[in-house]
Every structure is written in structure tokens, then in C-alpha cells.
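Biologist: I would like to learn how to read a structure step by step, beginning with an annotated stretch and ending with a single residue. Could you take me through it?

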Amino acid sequence: MKKKKALSGLMAVSLLTGIPWSSGHAEKPQWTNVNTYEEQDGSKFNSENYDFVKFSQIGSKLKEIEKLSNRVKVEVRGTSADGNPLYVVTIADPTTQGKFGKVKALRKQMFKNPGKAQEWVANNPDFKVPIMINGSIHGTEFVGSDAILQLIERFATRNDATTKDVLENNILIFNVVQNPDGRIDATRFNGEGIDINRDFITQSQPETKEMVELIKEWNPMVFLDTHGYVKNYQPNLQGLIEPCTPPHNPNYEYDLYGKWAYKQAEAMEAEIMKDHENYSGSLYQNMKGTYIPLRDDSAGWDDYPPIFTPMYAMYHGAYGHTLEAPTNDWDGVRWMYNSIMGALKFATANKQSMITDQIEVFKRGINFDHPFHKEGLFPKNYILPLDPMDPTVTNKAVNHLINNDIEVVQAVNAFEADGVSYPKGTYLVEMDQAKAGLANTMLWDGEDITNDTPAMYDISAWSLPELWGFEAVATQNPIKVNATKVKQITGQGTVSGKGPFLIPNSSVQSVNLVNALLKQGIPIVRDAQGNFFAKAVANQVSAAVKESGLQVGTAEVPLDAVAITSLKVAILKDGGMGKQKSHAGTKLALKRLGFDVTEVTPVEVAKNTLNGFDIFVYSGTESLISTNLSEANKEFGLQNDGQLNAFKDNVTSFLNEGGKYIAVGAGASRATKTLGLTDDIINVGGSNSNGIVKVDYEGTDLTAGYGEDDIGFVYRPTWFTGTDNDEVVATLADSDNFFVAGHWKNSITAKGQAVIVKEQNKDVTLIGLEAGFRDHPDYLFRLLSNAIFEK
């Protein structure tokens, strides 16, 4: 069978290579590529490379396909961190084009009346379901987007029986390149240095927010996330197709997901193997199947945290799969294409039963009926009280919940719950709602799963109330109060009195306000409790306060308050060692606090002084100052011992001239020891260990705004001993249950140990907690601003 003549004009100008054909066809595809454009050709993070489709040509070629087909709609849905377009392509048969609003409206019935929605599905077998395919969220995993481009071309132009069958039953939504910044620069990350596939609980990046909106808009039945590269996890099982190993997050309705996800994975595997003889590489020719974690392993590739794209989609009822191609080449593109085709065929054949079970997820939420969950896991309500002076943290949380399709209401009257009185205006999350699982995974405290599994793939705790710093009170009792649905909060700050004005050290927004006023030239002083006082009249501060959302009033300035100034911060840049930009989260935290932040590479620090900066922050791997680097990492660090010595000399000179040095986390603490800036013993837990811990803070200066039995976050936990020459200002709680939630073997060895210390003879602060981790733990960001402002 030959390609139809109508394709010839398109292919003459196309970026795409030949579409894979099944092994039953007489002709093998011609894998010719015609793409050499201006972007980076090589990958800094994959040793394999091929002439992948360059981002600069994708938009125009999508438009070319759109012109040739009445099945295709191409949109730009926002822009990336670096301002590159985010392309979304929707493909459906012509009878459905222009009727997407009706399809989406019908799907919204799943949340309003799931029983009737299931009845409608049973009586209308010609309905169409949305299936979403996400392209290359990691910039260097090129094969995902290349396979998607081939699939777009196929479903736009071909008329074979399989193509027709898929389009008669489904609407295909392709997020063509989730990470254009990374594809252009041949890096894993977006332009802010964030791994977007770790951002789906925080949603700090524009690419993540766009995908959340897309998922909410369609509530897809199936969600496929394209990745690479996994090979030889087990002999002759090439690539990886989820579902995952345990532990499974208890907030899923996993029985409904697992019932179909495993069968769909096997269908994808079968489709890959059916095309077995058409792969060119021996790795593929010798493969016996794919690695399916749930089938082929017991631990190590879990779906526990909601930070990954398909795991997040599962909370919206989708059958989510990560697809990891084996290699970064055209065989890898073929593998990805075939796996997606297998998923589409399976979903088409089982559409009615799969969508009925997807609706059942929402039905269980609305009916507060979770038959496979531990009793008490889901409370009846969460109560979210407001801080009258600084409502910004709770307001951010409420908007975040609403933006994730979670219903929030606000009490019209005062009420009582579990013997506690709450004023009118208090927010409530009533848990008898369709997406109760997502609400609970965002609002619960989490759990200690250390003994449940030997290893975790990534983080094991992320509680928004604890790590963002707002109160969420769970109650198992019904609450009787009139309440109105909240759509969005746009609360503005207010100023009362004539000044001076108290700005409490209470949130990211409060510190940001302080920095904004400092940049205006407003005199600010800070007391030992970390609170700020603006010496100004109302009209000088009103615009900034209004934007901040705080309620600011007049207060008497304490006698011990010390003047602070606007400070310039340098942060040591990690270009991507070990496929991580380890400093990126802390950099964003500092920016959100309102500081002027400049990234400086290790070589720049070695070659230049730190003149012009007031603060030097090291937050990241100790390898940044190593001279024994692999070829893959060499470009990001120091090149020789001479540069290391120059780096040490320049940092020492910076301190001697009044500069301040702050180390955050395990790698930075170890590097500080190497630099000779501390004589402490740096103790570090396993790289697989992370979670929420109880911390006793001193509560002044460095730890102002924090107290005893408070919260911290660890990732590769770090604590300090041999601190006799230091000022210890925070310790892990001295109790056996100091580890609150997450995964940390042998955590007891760190009980009661120091986690924040200040050297007495030099301005060096060591913070063992991950205070800026992936721009997530807002509540801990003020440890960074405290360390910066503390005299």
C-alpha cells in the first residue's frame, strides 16, 4: 500500500519523516529527515543524538497541515518561560469540528450528575472521548514530539480503517512540545531551569499552568506523557510503559485506574512488538517486550507524588501513562509512535467501559464513597481560617485549589466546628465533590511511608498547608453554615493610620513588600522578631501595600530595630549537573521574595570577584566546585585546580570585605566545608530520603517568624555536628516522631541535631533544610530572607 497522492505536496515541505507502517505492509518506511536549522543540534544531557525536528519549524508546518485537513485545529496556548509558543493541536473527524463546546459541556455533567452521565454513555455509543498526548516535557527527550508530529500528520490526512475508527470514537488533543525552551537549547529544563515534570503540585511555571488548564478543559479519558530513555531495566524489555510499582498514593481511586491501565499498557507493548521487524537497531530487534513497572518490578518506579504530569492527570480521572522510549533516535520515535497507536486502539475498543469507570471516580467523590480507602483518610471538610493582617498565604491557596477544579466556599456567618469558633469569611473545602482525591492530596498532612517501600522515585511529601504556611483544619463532622461558592480572590491590601507602618514577617508577600519599598527609597528597620517597620506616610506606601494584599497599620518602632537596605544577591548557577539545575528553585524563591538575584557560574566566580554583590548563595550540588567531573558535567563546573583555588580566594575576599555567604542544603553544606568556611561535621542522609520534619527554631533574627515544634522540609537530609564554635539557631525536634511525612530510612540518627547554624567568626550561614526546594515550600522562604537581612 502506497501513500496517497494528496500527501506528496505536504511531504515535500514537511519537517516530518515517514509515518511508520505496520509490518504487514510490503514497503518499509523511509526514515529520511530534512531538518537542519539554527537551534542547538547536540544534547547536553543525552550521549545519543539524531537530527530531530527543530522547534523553529514546527509552527509553520502545523499550519501547513491545518490548511490541508478539515480535521485539524492548531492553537497557541500561551508561551513558555522564555516566551516561546505552546502549540496545541486538536484532531477530530469533520462532523465534530466546531462542536467541541458541546463535547466539553457533556463531560462537565460527569461532575454534576455522574449517575445520569453514565446512563447517557450507555445509551449513546457514538459519543467521543478526549485523549491527550503530551510532547517532550523534558527538552532533550526529542522523540516524543517527533512521534506526535507524525501522528498529527497521519490523523490529519490518512483514511485507512484504523484512522477512521480512532477518529469516529475519540478527539485527539496533542500538546505538541510541552517544553520548547528545552528543545531549543537542548536541555532538560525550561528557561527558568525548572524540571516541568516535577512542577504539577506547585504549578510555578507557565508551561505547567497551560497544561493544567488544558486538562481541566477536556478532562481526558487517557493521558499519555512522552519521555526517554529507558532500556535494559530487565533483559530484552526495552522502553517503559506505566502503570507503576507501589506505593500508590492513597488519594487515587486506584482500583478503577488499575483495572484499565495495565491492560492498556499491554496493548501498547503488543503494538510495539507487532512492528518488531521494522526497527533498525539490534536493541530493538532483540527485544521481547517492554518494561511495565507494575508487572515487572516491586518498587522503584512509583506513582505516589502528584508532581508528574500523568499522575496529576489521574486526579482528573484520566488513565495516565508515562511512556519512556529506549533510545534517542528514529527507532525511539518509532517505538513511541507505536506505543501511542496501541493506546489509541485499546481506548477505542474499550471506550464505553473505560469512560463509565472514569465517571465512577467522580461519583465516588460526590457521594463521599471511597470503598477501597482507609477509614478517615478523607475528612468531611477542610476549614481554612484567614489571618486578618496577612491573608495572602490562604488566599493563594484558595486560588490554587479553584484553579485545579476544586470547589471552595466561604462562610457567610460565624460558625462552630469541633468546639472551635470560626468567623464569617472563613473558607471551607467540602469533600463531597467530584475531585475529592486531588483536594485531599493537596491539603492532607501526608504520611510516613518509610516502611512501605525500600525506595522512592522522587519526593514523598508535599503538604500545601504545612509547606505553604496556611492552616487547613480537617474535620470528620458536618458543618452547618451558610456559604457561597468562591470563584477567584483578588484581595487588595490596605493601609490604616499615618505611620510608621508595621509589616509583619509573615509571608513571601510581606518580604516582597519590604523589598519593593526599599527600592523606592523608603527607610525600613527590622526588629529581632523579624518584623519590619516602614518610616513613611501613607501615600508613600499605599500603592505597594495595595498590590501586596496585606493589611498594614501604624505601630511604634521598637528601640532595638536595625536599619536594612536593598541588597544584591548572587546565586551560584548549576547549568545542569546530573540532569538537575539544583539552584533553580532557590533562585525563584529569592526572586519571589523581591530580591535582585544574579546567577554566577563557578568559572565566573573564579575569574571575577564578587564585587557588586552583598550576598552569595550556594544552593546545589557540591560537584559545582569539584574538578573531577565527567565529560557530561564538565562544562557546568570548574575546569582545573587553579580555578578552584581562585574560587576559594574570591569567596574568602568577599567575606573579608563584609559580604555574606549562605549555604542551603546538603551539597552546598559539603562545598562550604571544602572551601574551608566551616569546621562543622556535615552529616547527610540518603539521596532517596526526603520529607516534612518537625523543627525547633530559636525564633529570632535568623529564624524570626518560626518557633518550637514548627515545620521544615528535607531532601537528602542534612544536619550538623561539631558545632561548638557556632551559633545553633534551629534543630530537628528531639522526639522519636520528628519525621512527619515522607521516606527516610534511619531518620532517628538525626533526632535533635542542628539544622541551621551561623559561624561565629565569619558571616557564614548553613541551612540544612531545603528552604527553596523547587519553588515549593513558601513557608520556609523567609529563612532565606532572614539570613540575608540578619546583621
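Modeller: Over residues 51-361 the chain is 46% helix and 18% strand, and the C-alpha atoms at the two ends are 43 Å apart; helices (H or I, at least four residues) and strands (E, at least two) are DSSP runs, numbered from the N terminus. For these residues UniProt lists "domain: Peptidase M14", in an unreviewed entry, and such annotations may be inferred rather than shown by experiment, with positions in the numbering used here and feature names shortened. This is a predicted model, in which local features need pLDDT of at least 70 and side-chain atom pairs count only at pLDDT 80 or more, while totals for chains, interfaces and linings use all residues. Residues are numbered from 1 along each chain as its sequence is written, and side-chain values use heavy atoms, leaving out hydrogens and water.

Biologist: How many helices and strands does the chain come to?

Modeller: The chain has 24 helices and 35 strands. Its radius of gyration (taken over C-alpha atoms) is 27 Å, close to the 28 Å that the globule rule (2.2 Å times the number of residues to the power 0.38) gives for 791 residues, so the chain is as compact as a globular protein of that length.

Biologist: Which residues touch the most other members of the largest nonpolar core?

Modeller: In soluble globular proteins, nonpolar side chains tend to be buried together. A nonpolar core is a set of buried Ala, Val, Leu, Ile, Met, Phe, Trp, Tyr and Cys residues joined through side-chain atoms within 4.5 Å, where buried means under 20% relative accessible area with a 1.4 Å probe, counting protein chains only. Here the largest core has 202 residues, and Phe174, Val176, Val429 and Leu769 touch the most other members. Helix H13 (residues 330-349) gives the largest share of this core, 11 residues. Apart from it lies another core, of 34 residues, among them Phe613 and Leu766.

Biologist: Where is Asn404 placed, and is Asn404 buried or exposed?

Modeller: Asn404 sits in the loop between helix H15 (392-403) and strand S12 (409-411), and counts as buried because its relative accessibility is 0%.

Biologist: What joins the side chains of Asn404 and Tyr312?

Modeller: They are joined by a polar contact of 2.5 Å, that is, a pair of N or O atoms within 3.5 Å, of which, within protein, one must be able to donate a hydrogen and the other to accept it, and residues adjacent in sequence count only if both atoms are side-chain atoms. A polar atom of the Asn404 side chain also lies 2.7 Å from the backbone oxygen of His400.

Note on methods:
Buried means under 20% relative accessible area, exposed over 50%, partly exposed in between (1.4 Å probe, protein chains only).
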